[in-house]
Amino acid sequence: MAVQGADVLVVGAGVVGRSLAFALAVTEPSVRVALAGDTGGAATSNAAASRAAGAMLGVLGEVTECGLRTRHGRLRTDLAVEAAGLWPSWRAQVRTAAGAAAPGRDGYGTGTFMILNAVSSALDDASFTAVAQAAAEYGLGCEETAPAGIPGYRPLDNDRALRAWYLPAEGFLDARAWLATLDTALAALPNTIRTPAGTLTAAPEGGYLLDTPAGFFRAPRAVVAAGAWTTPILEALDPDLPVVPVLAAAGTAVTVTGPETRPAVIRTPNRAYACGLHAVPQADGSLYLGASAHPALTPTPRPTAGALRFLLDAALSQLDHRLAGAGITHTHHGNRPLSLDGHPVIGPTLREGLWVASGTHRDGLHASPLIAAALADALLAPTPTNDPLPGVLAAFNPGRELIADLTVKEAAAEAAAHHAALAAEARMRPPLTGAWPQALADGYADLLDRAYAAMPEGYIPPPDLAPLAYESTGPALAEIAAAHLARHDRAHA
């Protein structure tokens, strides 16, 4: 079979891959871009994480107390602020390229209510305060508002909000409609080729070869933007390549019919294993409710009964009990790309011409304009180099040392606090005799101390990955970390 030539191969058709292909093709019409990946809704494709997204284009909504006091947490907020500034022009550019064939509405709007529920913990209190602090520091809007006045907010009395912020500039979008808009824009560009997922290898004569059901494609440069499937692709290509591994954070959400149209997002503060309960208005008037979060060593194919139960119970009691009579129109399930140290993996690798754009976890759709623009500029430069990307993205270079802003003890304590917060939200009610409430907290602390102590020296799991450290997966997580540390040491010896 003949090999078709291209200038750049983009492996992975989630929102980051599609956005990068668009940025490359629209910036330089002479550049031929091959975009490979399945775009259907099956959870076995990396595009499923994009299709399952709640699409909150927020900055303050993602702020946590821990993030605000750590170096890389601050950098993530810087990244979010920069990306938010690009969205108006980016959206206009994509919709203009899509033309009349684009979906009439993409659900874009602004305004988020962040609520501090009675069903929460001190962790939520701290992050709620951190949101206002970040707003002041970054010059963003944050107004205290009466929870009872929030449109569409009808919680059960014992789960009602104690306080609420209104964040007027926080954006939101219908992820499904936005992906359809991107697809329409890509189809209008003659220098883009869409192919099913394939196998990426190093071409004997140099560059990279992509073997797909639609044929073979060869290019001097390739970008792996395959979400939670990134690491298997890279390891098959070059098992000695020192790139921070990307695992999975399985997430489940539902779309429901609603008793009224909601003008804004309603959400709780961000947290591990739940990513903040949220209700996002959709382009067709329905309501997106999300989202569960559970780390996994490899992508999971479907939602669990436990995830759906917890999500629906939380949404009905904390957001709107009237949704008990709503119809479920769609169940979403995807695997967010969560890196070994919890931070993005973006930029060139040590292999000439091989780049990565993954590990964005919950930030992929929001950060997609920034990532696409930065990578496109670097790849289209007259003489592309292996230098890290400029600006805030430089800290998240794929070949970096593992990021650890906390000590082992601090990280274990932070993870234990997230566990306790989830227990409170799940209404875990320990007996009041025998100091059981404190015993529960002590039990979490002991569990996490032992789990973190079992990890190889040089690796401190982020809170989002903590359950993998102590469950039956603990030895496997330690093995993944040890193997990566060894590859990194060999490459930089």
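How many bridges join β9 to strand β10, and do they run parallel or antiparallel? I looked this up before anything else in the predicted model. I found 4 bridges between β9 and β10 (residues 208-212), and the two strands run antiparallel. One residue pair I noted: Ala202 has Tyr208 in β10 as its bridge partner.

**The sheet around β9**

I then traced the sheet outward. It is open, has 4 strands and follows the order β1-β11-β10-β9. The pairing is mixed. I checked the edges next. β1 (3-5) and β9 (199-202) hold these positions, and each has a single partner strand, so one side of each lacks a neighbour in the sheet. I also noted the twist: neighbouring strands are turned by 25° against each other on average, direction ignored.

**Cysteines**

I searched the whole structure for disulfides and got 0. Why does Cys142 form no bond with Cys66? The closest cysteine sulfur to that of Cys142 is in Cys66, and it is 20 Å away, too far for a bond because a disulfide needs the sulfurs within 2.5 Å. I looked at accessibility too. Cys66 is buried at 13% relative accessible area. Cys142 counts as partly exposed at 23%.

**Asp106**

Where does Asp106 lie? I placed it in the loop between α4 (71-98) and β5 (109-117). Is Asp106 buried or exposed? I have it as buried, with 2% relative accessibility. I went through its side-chain partners. Asp106 makes a polar contact of 2.8 Å with the side chain of Arg91. A polar contact of 3.4 Å links the side chains of Asp106 and Arg95. Beyond four places in sequence, Asp106 also touches other residues, among them Leu173, Asp174, Trp178 and Ala283.

**Nonpolar cores**

Which residues touch the most other members of the largest nonpolar core? I got Leu365 and Leu375, in a core of 54 residues. I listed the elements that give two or more residues to this core: β2 (8-11), α1 (15-27), β3 (33-36), α4, α6 (175-187), β20 (354-358) and α9 (364-379). The largest share comes from α9, with 10 residues.

I followed Leu365 further. Setting aside neighbours within four places in sequence, Leu365 is in contact with Val15, Ala53, Ala55, Leu57, Trp87, Leu173 and Ala175. Leu173 is also in my list for Asp106.

I closed with a second, separate core of 38 residues. Its members include Ala34, Ala219, Val243 and Val345.

Terms used: Residues are numbered from 1 along each chain as its sequence is written. This is a predicted model: local features need pLDDT of at least 70, side-chain atom pairs count only at pLDDT 80 or more; totals for chains, interfaces and linings use all residues. Side-chain values use heavy atoms; hydrogens and water are left out. Buried means under 20% relative accessible area, exposed over 50%, partly exposed in between (1.4 Å probe, protein chains only). Two strands pair if DSSP finds at least two bridges between them. Axes are lines fitted to C-alpha atoms, for helices over the stretch in contact, and angles run from 0 to 180 degrees between N-to-C directions. A polar contact is a pair of N or O atoms within 3.5 Å; within protein, one must be able to donate a hydrogen and the other to accept it, and residues adjacent in sequence count only if both atoms are side-chain atoms. Contact means heavy atoms within 4.5 Å. A nonpolar core is a set of buried Ala, Val, Leu, Ile, Met, Phe, Trp, Tyr and Cys residues joined through side-chain atoms within 4.5 Å.
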